[in-house]
Amino acid sequence: MSNDQSLREQAYQAIEKYEGVVRQDPYRQCFHLSPPVGLLNDPNGWIQWKGIYHLYFQWMPFHTGHGAKFWGHYSSRDLVNWTLEPIALTPSEWYDKNGCYSGSAITDQGKLKVFYTGNVKDENGNRETYQCSAESDNGVDFVKNGVEIYLPKGYTAHFRDPKVWKHEDHWYMVVGAQSADHYGCVVLFESADTKEWVFRGNLSHSTREEFGYLGYMWECPDFFSLDGEEVLIFSPQGVEADGIDYNNLYQTGYVIGELDYRQAEYKHGRFVELDRGFEFYAPQTTCDDRGRRLLVGWLGGPDHNEKSQPTHDYHWIHSMTIPRELRLEKGKLIQKPVEELSELRVKQWYDEQIVKSGVYEIERVSEVHIEGESLEGFELTLFSYMQLIYDQDTELLTLKRPDFAGGNLESRSCRLPQGLKQLQLFIDRSSVEIFINGGEEVFTSRMFADPEEQRLELKTSNSTSMNVQAWSLREDAIHI
Ligand code: FRU
């Protein structure tokens with residue numbers, strides 16, 4: 001049996017062994033993609049091809065920690081119903097034996113081609129990194145091509161996560177990297193045929209004057225044009241917390257600018273965090289057949305203590321965010337849940353006008369909309385576990401929850417200079433995504449409230465009315 005076959009068999013055996021336990025978890029997600037068993041992290045190879053959306057993902061089937069990653073695979077025709085597909089990549093070869101790390105997909109000459117990082121630890125534990133590719137005729141079965149790019153001079157082996165796109169008649173790749181003197185950067189390559197890649201230098205790096213200093217390593221870059229600008233999303237590590245900013249262990253954000261492809265020069269503005277919640281990292285985007293720029297992120301984050309995750313005892317941890325459509329408005333990325341998600345709605349429970357306060361019993365898997373002219377002194381308490389509070393004097397909207405380990409309150413905030421007018425919440429069994437003012441800000445977080453709790457409490461300090469709508473959502477959208 002080949003190494004690839006044996007790894008596949010072991011992974012399928014792990015699913016067989018633990019899927020019963022996973023299903024019993026009251027925190028098991030209903031409409032958020034999660035690993036069948038084990039650990040899921042970054043979205044990979046996100047693409048719509050021949051009408052079908054493919055979302056591959058970083059996967060450790062054997063336990064709820066990191067290690068030699070596989071590429072798992074979900075597919076969907078409509079961004080609502082998803083099916084688990086056979087394993088796409090296993091860490092079976094000398095150049096990826098310690099992990100088929102993150103990467104992206106393109107279509108070229110009738111095939112789906114994925115680029116990923118082969119992660120290798122040599123016998124002394126030193127890291128090696130190879131940018132590899134694999135091809136598929138059907139999006140399900142892949143043939144590996146081996147190494148396409150070796151580590152260029154001037155960088156450490158923290159060099160990974162290739163994202164490829166086409167511009168005019170050439171292909172371009174960004175890779176997340178660390179310079180030899182330990183600064184985070186994004187490196188650009190160019191190719192005429194997706195096989196021979198030419199190194200074009202840094203696209204941006206953490207000591208540019210726009211940043212001051214933005215960390216020692218940048219992971220998971222993504223580059224695309226949107227509404228007439230060119231956006232670079234990346235996830236820097238090593239950025240110090242600064243007031244309400246950069247409060248997670250590692251960050252994710254973007255810059256907006258203009259790339260001169262000929263000179264490989266990217267002029268851009270400041271770094272802006274993409275999400276204000278506790279768990280959001282390493283997102284990836286794609287442009288679908290309708291021309292929408294769609295983003296999916298890891299609804300998790302690097303954490304040095306995976307065991308503190310309440311689902312650990314049920315043999316799975318982490319999820320993906322719902323798919324979101326990106327737009328650029330007034331120099332800012334706006335994220336909206338894709339409109340297809342309204343297909344998840346089963347029953348509308350509330351559509352009410354209230355003044356000052358209200359308490360609702362909502363289903364544990366629901367969507368809630370709250371709207372008002374100006375929601376001053378707004379307070380929302382979800383399942384007696386999480387609170388979202390708006391203070392119009394400081395203009396701060398703050399989300400609070402008990403931490404996983406000891407129950408100490410922790411908080412994340414964003415500034416809303418235009419006030420709070422609208423909230424849209426997507427609530428699953430153990431997560432919530434809160435879209436503020438039509439996607440101007442988003443809080444993405446896990447939520448481990450008492451599974452029996454159903455209370456949603458709302459308050460404002462002024463007497464403008466709020467409109468509240470709530471729907472229960474389908475619990476059977478993901479097929480494993
Ligand atoms: C980000 C990341 C990537 C890497 C992958 C490994 O979460 O560290 O840089 O490719 O995870 O699973």
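1. Strands here are DSSP runs of E at least two residues long, numbered from the N terminus. On that footing, C220 sits in strand β13, which covers residues 217–226. Keep in mind that this is a predicted model. The phi of C220 comes out near 45°, a positive value in a residue that isn't glycine. Most residues other than glycine have a negative phi. As for its surroundings, C220 has 28 other C-beta atoms within 10 Å, so it is buried, given that the cut-off for buried is 20 or more.

2. L79 is another residue to look at for its backbone. Its phi is near 70°, again positive and again not a glycine. L79 belongs to the loop between β3 (70–76) and β4. L79 counts as buried because it has 21 C-beta neighbours inside 10 Å, and the threshold is 20 or more.

3. Now the overall picture. The secondary structure amounts to one helix and 36 strands. With a radius of gyration of 22 Å, close to the 23 Å from the globule rule for 480 residues, the protein is as compact as a globular protein of that length. Along the principal axes, the C-alpha atoms fill a box of roughly 65 × 50 × 40 Å. Of the 480 residues, 46% are buried. If you take the contacts with a separation of 6 or more, 57% of them join residues 24 or more positions apart.

4. On domains: the assignment splits the protein into domain 1 (3–337) and domain 2 (344–479). Their C-alpha centres are 29 Å apart. Where the two touch, domain 1 puts in 33 residues and domain 2 puts in 34 residues. On the domain 1 side, β4 (82–84) and β23 (332–337) each give at least two residues. The largest share of that side comes from β23, with four residues. Sorted by class, the side of domain 1 that touches domain 2 holds 16 nonpolar, twelve polar and five charged residues.

5. There's a four-stranded open sheet worth a look, running in the order β9-β10-β11-β12 with antiparallel pairing. Its edge strands are β9 (155–167) and β12 (198–205), each of which pairs on one side only. From one strand to the next, the twist averages 25°. As a reminder, strands of a sheet pair through backbone hydrogen bonds, either parallel or antiparallel.

6. Zooming in on one end of that sheet, β11 (residues 184–191) pairs with β12 in the antiparallel sense over six bridges. If you want to check the register, E190 has V198 of β12 as its bridge partner, and V186 stands opposite S204 in β12. The hairpin made by β11 and β12 has six residues between the strands, and in it T194 takes a positive phi near 70°.

7. Last, a site in strand β25 (residues 357–361): that's the place of G358. Is G358 buried or exposed? Neither label quite fits: G358 is partly exposed, because 17 other C-beta atoms lie within 10 Å, and buried would take 20 or more while exposed would take 12 or fewer. Leaving out residues up to four places away in sequence, G358 touches L458 and V468. E433 is 75 residues from G358 along the chain, and the C-alpha atoms of the two are separated by 21 Å.

How values were computed:
Residues are numbered from 1 along each chain as its sequence is written. This is a predicted model: local features need pLDDT of at least 70, side-chain atom pairs count only at pLDDT 80 or more; totals for chains, interfaces and linings use all residues. Two residues are in contact if their C-beta atoms, placed from the backbone, lie within 7 Å. Two strands pair if DSSP finds at least two bridges between them. Axes are lines fitted to C-alpha atoms, for helices over the stretch in contact, and angles run from 0 to 180 degrees between N-to-C directions. Domain bounds come from an automatic or database domain assignment. Ala, Val, Leu, Ile, Met, Phe, Trp, Tyr, Cys and Pro count as nonpolar, Asp, Glu, Lys and Arg as charged, and the others, Gly among them, as polar. The radius of gyration is taken over C-alpha atoms; the globule rule is 2.2 Å times the number of residues to the power 0.38.
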